[in-house]
Every structure is written in C-alpha cells, then in structure tokens.
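This report looks at a predicted model. It takes up one residue and its setting, and then the surroundings of a bound molecule.

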Amino acid sequence: MDGFGKLTIEVGNGYIDDAYTMSHQDVDPGQYVVLAVSDTGSGISADLIEKVFEPFFSTKPEGKGTGLGLSMVYGFVKQTGGHVKIYSEVGHGTTIKMYLPRSTSQEDLEVVTLDGPVEGGPETILVAEDAEGVRAAVVEMLQELGYRVLKAPDASAALTILESGMPIDMLFTDVVMPGLLKSAELARKAKDRLPHIAVLFTSGYTENSIVHGGKLDPGVQLLSKPYTREALARKIRYVLNNEKQVTLSVSERDESDQESGASAAPADATGLRVLLVEDNALIRISDADMVSDLGYDVCEAGSAEEALPLLEKGEIDILITDLGLPGMSGENFRSKCDAVGRRLESFFRPG
Ligand SMILES: Nc1ncnc2c1ncn2[C@@H]1O[C@H](COP(=O)(O)OP(=O)(O)OP(=O)(O)O)[C@@H](O)[C@H]1O
Ligand SMILES: [Mg+2]
C-alpha cells in the first residue's frame with residue numbers, strides 16, 4: 001500500500017460447499033474458520049495471482065522483498081488442512097482469505113493464577129520429592145515461610161512418616177516418583193489416616209496432560225513445575241485454607257444438626273432461589289445439600305465468572321458466595337451483582 005490506505009483484518013466462521021469444491025479440488029467441503037486480510041493497495045493482476053505463492057517470487061525491488069511471505073502463508077494453511085484464496089482488483093486492493101478447519105474438541109482449560117498474598121503459616125507440611133536438589137530447595141523455601149517441614153524421597157517413605165502419628169497439615173507430593181507406591185495412592189492413604197490433611201501435587205507435566213492422562217483425578221490441586229517462590233507460597237496457603245474451610249463447614253454442619261435436631265425449614269422458603277458460589281467442590285456439595293434441606297431451590301457455580309450469567313437471567317433471590325474465589329474475588333463479584341441491578345440478600349463466607 002506504499003504507506004497509505006486501510007488494512008482490515010476479519011475473523012469468523014465459514015462454510016465451504018460442494019459447488020465451491022468443484023472448482024477448487026484442493027479443498028474439502030465443510031466448516032472452517034476464516035481469517036481475512038484486506039488492503040486498499042495496488043491489487044494483483046490475474047496473470048500474477050498464479051505466481052504469488054511460489055517461493056522467492058517477488059515484484060519488489062532487489063533487496064526489498066524475500067518473496068517468501070505468501071509461500072509461508074500457503075505452507076502453513078496447507079499443513080493444517082486448510083485453503084487460501086486471493087480476491088484482487090488491480091488499482092483497488094486485495095483480500096486474502098485463509099480457511100482453517102474448525103475444531104469441535106473442547107478447548108484446553110485456562111489455568112487459574114492465584115493473586116493472594118505471599119504468606120506462610122505455622123502448619124506442618126510433608127514434602128515427598130525424589131529429586132534431591134528440588135527437595136532441598138522446596139524444604140528451604142517452606143521453612144523460610146515459617147512452616148514446619150518433614151521430607152521424604154519417595155511415596156513409601158512419606159507413608160511411613162504419615163503412619164508415625166505425627167500431626168501433619170499438608171502433603172505436598174511430586175506426581176511421578178520411583179517406587180511401587182504411586183503418589184495418587186499415597187494421597188488416598190494419607191486421607192484415610194488423617195481426614196483433614198490438605199493435599200497438593202506438583203509435576204513438570206501440565207495439569208491438562210496429567211488429569212486427562214488419568215494420572216490424577218479431576219479437581220485435585222496441582223502446582224506445575226517450575227514454580228516461583230511466590231507461586232509456591234500462594235498455592236500452599238490457598239490449599240491449606242481451602243482444607244480448613246471444608247473441615248469447618250462439615251463440623252459446623254454436624255453441630256447445627258445436633259442443636260436443632262432436624263433442619264427447620266422456614267415457611268416462606270419455597271420458591272426462593274439461592275445461588276451458591278464456591279470453588280471448592282466438597283464445600284459446595286455440602287452447602288448445597290444444607291440449603292436445599294431448608295426448602296430453597298439451589299443453583300451452583302464454581303466461580304464468579306460462571307455465576308454471573310445465572311444472575312443476569314434474574315431468577316435469583318439470595319446469593320451465598322465464597323470470598324476467596326480463584327478468579328474474580330467474592331467482593332468484586334458482589335459489586336458486579338449490584339451492577340446487574342438486583343438487590344440481593346448476600347452472605348459472605350470468609351476464607
Ligand atoms: N496484498 C498484496 N497486494 C498486492 N500485491 C501483493 C500483495 N501480497 C503479495 N503481493 C504480490 O505477490 C508477491 C509475492 O508476495 P510475498 O509476500 O510472497 O513476497 P514479497 O511481499 O515480495 O516479499 P516479503 O514478503 O519478504 O516482503 C509480491 O512481491 C507482490 O507482487
Ligand atoms: Mg509479502
């Protein structure tokens with residue numbers, strides 16, 4: 001365009017039908033995503049359109065163009081099973097449309113990054129990690145944060161420590177370690193012996209590959225290697241606090257059940273809809289049971305982002321939300337709710 005004009009970039013869905021494939025043998029009919037780039041430049045004459053995808057073909061002056069731009073586009077599009085088409089009018093401009101096959105598989109889940117404070121605590125953490133250097137570094141970081149730290153080079157050594165009767169608040173274990181006892185099994189045995197123990201896995205593999213590869217159950221807590229000291233501190237604190245919430249929630253529930261005998265449903269509960277926002281699945285299930293026992297209709301969400309569309313539908317009377325949500329915080333979420341324009345009775349649960 002010689003430095004002047006307008007460049008337009010568009011994306012959208014596109015369909016290639018049988019009629020089009022009759023005249024373009026190199027493409028299959030079906031659903032595509034289309035990326036189109038249009039300019040108001042010189043345009044390309046019909047006799048040149050045939051040649052522009054050829055490697056090293058260029059009409060630019062010596063030393064200005066490589067002639068590889070469009071041939072790379074062509075190569076990339078073909079490798080992904082797509083199609084590329086040029087529409088051009090000399091003197092007006094050019095549109096180049098790239099058709100890429102549309103994928104219907106589930107998108108990879110975004111890993112939620114925590115932004116809580118970097119703080120330690122007085123708890124006891126058992127670190128199971130086979131790589132000596134990594135183990136030493138983690139132990140040092142955790143001690144600096146104020147934790148009491150126990151360590152084991154494999155799962156069976158960790159189990160021996162767990163069985164010793166020492167009070168332990170968290171098991172922080174590598175997913176893949178040598179030895180017959182697998183880390184997932186170690187975590188299960190730890191929970192059998194110490195029901196309130198928090199468990200955090202760590203691995204060099206990504207969360208998606210580990211969970212979908214069947215190594216760990218969905219919903220477990222995982223810290224991906226390599227991690228910074230801050231990421232470690234935040235994740236440890238988050239998992240410890242979450243575990244305390246579960247324990248508290250279950251014990252509060254037992255107590256209130258004992259105090260009140262059977263749950264007393266207020267007469268006007270029927271027809272009222274409660275939206276329960278809680279990222280910890282265990283707490284959410286327990287709270288949802290409790291609330292629906294009281295006679296309310298409950299809908300559940302695991303995050304503020306998931307809850308907002310439900311609120312916007314406008315069928316919610318009462319909101320119960322966790323304050324420590326992984327994405328948008330409970331408080332920010334509350335102000336969004338106000339923005340939705342409905343006055344809701346809200347209860348916050350700290351933690
Ligand atoms: N948008 C366009 N408008 C007009 N002509 C174009 C356009 N895109 C490519 N061409 C023509 O096709 C030729 C080859 O394009 P290609 O992108 O492969 O190489 P190049 O642009 O010459 O070099 P480089 O990409 O390295 O700058 C260009 O030299 C030009 O003649
Ligand atoms: Mg180019």
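## Arg334 and its setting

In this predicted model, Arg334 is partly exposed, because its relative accessible area of 21% falls between the 20% under which a residue counts as buried and the 50% over which a residue counts as exposed. Arg334 belongs to helix H11, the helix made up of residues 330-340.

Computed along the chain in residues, Arg334 and Leu323 are separated by eleven positions, while in space the C-alpha atoms of Arg334 and Leu323 are 9.5 Å apart.

## The site of ligand 1

The second largest pocket is where ligand 1 sits. The shell around ligand 1 comprises 16 residues, of which Asp39, Ser58, Thr59, Lys60 and Thr66 come nearest. By residue class, this shell around ligand 1 is made up of nine polar, five nonpolar and two charged residues.

## Polar contacts and coverage

Three side chains can be described by their distances to atoms of ligand 1. For Asp39, a polar side-chain atom lies 2.8 Å from a nitrogen atom of the ligand, whereas for Thr59 an N or O atom of the side chain is 2.5 Å from an oxygen atom of ligand 1. In the side chain of Lys60, an N or O atom is 2.8 Å from an oxygen atom of ligand 1. Taken on its own, ligand 1 has 590 Å² of accessible area, and the protein covers 78% of that area.

Terms used
Residues numbered from 1 in each chain as written. Chains lettered and ligands numbered in written order. Predicted model: local features only at pLDDT ≥ 70, side-chain atom pairs only at ≥ 80, totals over all residues. Heavy atoms only, no water. Near = heavy atom within 4 Å. Polar contact = N/O pair within 3.5 Å; in protein donor to acceptor, adjacent residues only side chain to side chain. Areas by Shrake-Rupley, 256 points an atom, 1.4 Å probe, with all protein chains shown as cover. 1 Å grid on protein atoms, 1.4 Å probe; cavity = no way out; pocket = protein on both sides within 12 Å on 5 of 7 lines; lining within 4 Å. Sits in = over half its atoms within 2 Å of the grid points. Nonpolar A, V, L, I, M, F, W, Y, C, P; charged D, E, K, R; others polar. Helix = DSSP H or I, 4+ residues; strand = E, 2+ residues; numbered from the N terminus. Buried < 20%, exposed > 50% of the residue type's maximum accessible area, 1.4 Å probe, protein only.
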